[in-house]
Amino acid sequence: MYQFEYHRATSVEDALAKLKKASDGKLVAGGMTLIPTMKQRLAQPSDLIDLGGLKDLRGIKVEGGKVVIGAMTRHFDVANSADVKKAIPALAVLAGGIGDPMVRYRGTIGGSIANSDPSADYPAAVLGLGATIKTNKREIAADSYFKGLFETALEAGEMITAVSFPVAKRAGYMKFPQPASRYAMVGVFVADTGSGIRVGVTGAGPCAFRAKDIEAALAKSFTPDAAGTVKIASKGLNSDIHGSAEYRAHLVSVMAKRAVAQALGG
Amino acid sequence: MKVSMTVNGKPASAEVEARTLLVEYLREHLRLTGTHVGCDTTQCGACTVHINGDAVKSCTIFAVQCEGANVLTIEGLAKDGKLHPMQESFKENHGLQCGFCTPGMVMAGIDIRRRHKNPTEETVRHELEGNICRCTGYHNIVKAILTAKM
């Protein structure tokens with residue numbers, strides 16, 4: 001691993017001031033993606049600004065029909081939160097399926113969403129539930145947040161502070177884990193929200209996206225078969241040794257079908 | 001940079017490079033070589049230790065991030081020459097073959113049993129997702145975690 005300077009942030013403002021001062025600095029939350037990336041020398045930050053001490057960014061609140069999760073809240077906390085299990089059980093299921101128990105004790109929701117790994121689980125829920133990303137500067141709607149491979153709407157000097165998920169009437173999340181890494185080869189989050197059906201897909205494309213055809217089918221009939229019979233176009237989807245774009249396209253419908261069954265309590 | 005933490009109940013501090021991983025600090029600075037490095041890519045779990053009570057992969061956290069933390073390694077489990085119940089159970093059930101993954105399995109096993117008082121075999125197998133035994137000796141490892149008297 002390359003050398004870097006390490007700093008502990010004492011507040012959001014302090015973190016961003018330190019980031020600004022660094023020549024090529026990076027914020028580190030749980031480090032579950034960044035540290036392995038640095039070990040492989042795929043990232044070479046000049047400075048690491050550790051957000052681990054920012055206790056204010058940790059915690060879960062349910063208020064006004066929304067579940068608001070602080071950016072530094074760990075997957076373990078979301079998976080085991082009685083509030084999340086009650087309000088949006090599928091979100092707790094999703095968090096409890098990320099990585100493994102040791103990873104869930106460190107990895108955070110803010111880190112996952114800021115990184116926007118094409119196979120990360122949380123982006124599917126952000127889109128599926130129509131969440132709002134809160135930053136130090138503004139609020140970003142889910143639909144305008146994911147821009148491409150590891151690319152988001154976050155600007156330089158902008159940091160996620162919380163994610164607000166509207167409580168859905170019913171929701172489900174299902175993923176097909178890549179057999180070796182256990183990352184989502186395809187993961188689909190289906191939600192029957194107050195403002196219609198939303199379907200967020202991760203793993204299949206360069207970044208998470210909505211499957212509008214499945215949304216339309218589910219709006220007519222919220223049943224597993226309605227989702228499962230939709231054919232997804234494979235154009236532009238990811239293709240690698242683990243699965244072709246056509247295979248992933250097929251998996252989107254299958255995972256959507258299973259997610260609907262889960263949402264219906266099956 | 002200087003880092004201070006409590007390791008197995010004793011204060012430990014040293015001057016380390018920022019890039020020193022916790023597992024490197026434990027093994028090379030403190031000579032606590034019971035914690036193993038299997039994959040170094042956050043997958044195998046051989047390096048599992050407890051940080052403030054949580055099971056964490058010590059190859060994927062910098063020592064400097066553990067400033068002030070309470071770290072427990074496999075060396076800190078036995079008390080007054082008496083094995084921890086989880087260690088005792090691994091011994092009773094022959095929960096190891098080559099032994100390389102064992103420290104991580106024991107540390108993960110304790111964490112699993114803390115969260116699940118009376119787990120099913122399915123739960124234990126699922127919870128061991130982040131611990132790989134390359135001898136594939138899972139059968140007795142699972143048995144050891146299930147039957148540990150804790």
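# Domain and chain contacts in a two-chain model

No salt bridges are counted between domain 1 of chain B and domain 2 of chain B. Everything here refers to a predicted model.

## Inside chain B

The domain assignment splits chain B into domain 1 (2–74) and domain 2 (85–147). Taken over C-alpha atoms, the centres of these two domains of chain B are 21 Å apart. Domain 1 of chain B brings 17 residues to the contact, and domain 2 of chain B brings 15 residues.

About 1,200 Å² is buried between the two domains of chain B, with carbon and sulfur atoms giving 60% of that area. Which three residues supply the most on the domain 1 side of chain B? They are B:H36, B:H50 and B:I74, which supply 40% of the area that domain 1 of chain B buries against domain 2 of chain B.

Salt bridges are absent across this contact in chain B. Polar contacts are not: seven residue pairs are counted between domain 1 of chain B and domain 2 of chain B, with both residues at pLDDT 80 or more. On the side of domain 1 of chain B that touches domain 2 of chain B, two elements give two or more residues: β3 (48–51) and β4 (54–57) of chain B. The largest share comes from β3(B), with three residues. By class, this side of domain 1 of chain B holds seven nonpolar residues, nine polar and one charged.

## Inside chain A

Chain A is also divided, into domain 1 (5–50) and domain 2 (57–263). The C-alpha centres of these domains of chain A lie 25 Å apart. Eight residues of domain 1 of chain A take part in the contact, along with 14 residues of domain 2 of chain A.

The two domains of chain A bury about 840 Å² between them, and 76% of it is on carbon and sulfur atoms. On the domain 1 side of chain A, the residues that lose the most area to domain 2 of chain A are A:V12, A:A29 and A:M32. Together they make up 51% of what that side buries.

How many salt bridges join domain 1 of chain A and domain 2 of chain A? The count is zero. The count of residue pairs in polar contact between these domains of chain A, both at pLDDT 80 or more, is zero as well. Helix α1 (residues 12–21) of chain A gives the most to the side of domain 1 of chain A that touches domain 2 of chain A, with three residues. That side of domain 1 of chain A has six nonpolar residues, two polar and no charged ones.

## Between the chains

Chain B puts 27 residues into the contact between the chains, and chain A puts in 25 residues. The chains bury about 2,300 Å² between them, 59% of it on carbon and sulfur atoms. In chain B, B:R19, B:F62 and B:Q65 lose the most area to chain A and account together for 25% of what that side buries.

Four salt bridges are counted between chain B and chain A. Side chains of opposite charge can pair when their charged atoms come close. The side chains of B:K57 and A:D100 form a salt bridge, at 2.6 Å from N to O. There are also 11 residue pairs in polar contact between chain B and chain A, both residues at pLDDT 80 or more.

On the side of chain B that touches chain A, β4 and α3 (102–115) of chain B each supply at least two residues. The most comes from β4(B), with four residues. This side of chain B is made up of nine nonpolar, eight polar and 10 charged residues.

A salt bridge also links the side chains of B:E129 and A:R182, at 3.1 Å from N to O. Here B:E129 sits in the loop between α4 (121–127) and α5 (138–147) of chain B, while A:R182 sits in the loop between β11 and β12 (184–193) of chain A. The salt bridges over all chains number 22.

## Buried areas side by side

| Parts | Buried area | Share on carbon and sulfur atoms |
|---|---|---|
| Domain 1 and domain 2 of chain B | about 1,200 Å² | 60% |
| Domain 1 and domain 2 of chain A | about 840 Å² | 76% |
| Chain B and chain A | about 2,300 Å² | 59% |

## Aromatic pairs

Five aromatic pairs are counted over all chains. In one pair, the ring centres of A:F176 and A:Y247 are 6.5 Å apart and the planes stand at 90°, so the pair is edge-to-face. A:F176 belongs to strand β11 (residues 170–177) of chain A and A:Y247 to helix α11 (residues 245–263) of chain A, so the pair ties together parts that are 71 residues apart in sequence.

How values were computed: Residues numbered from 1 in each chain as written. Chains lettered and ligands numbered in written order. Predicted model: local features only at pLDDT ≥ 70, side-chain atom pairs only at ≥ 80, totals over all residues. Heavy atoms only, no water. Domains from an automatic or database assignment. Contact = heavy atoms within 4.5 Å. Buried area = accessible area lost by both parts, 1.4 Å probe. Polar contact = N/O pair within 3.5 Å; in protein donor to acceptor, adjacent residues only side chain to side chain. Nonpolar A, V, L, I, M, F, W, Y, C, P; charged D, E, K, R; others polar. Phe/Tyr/Trp six-rings, centres within 6.5 Å; stacked < 30°, edge-to-face > 60°.
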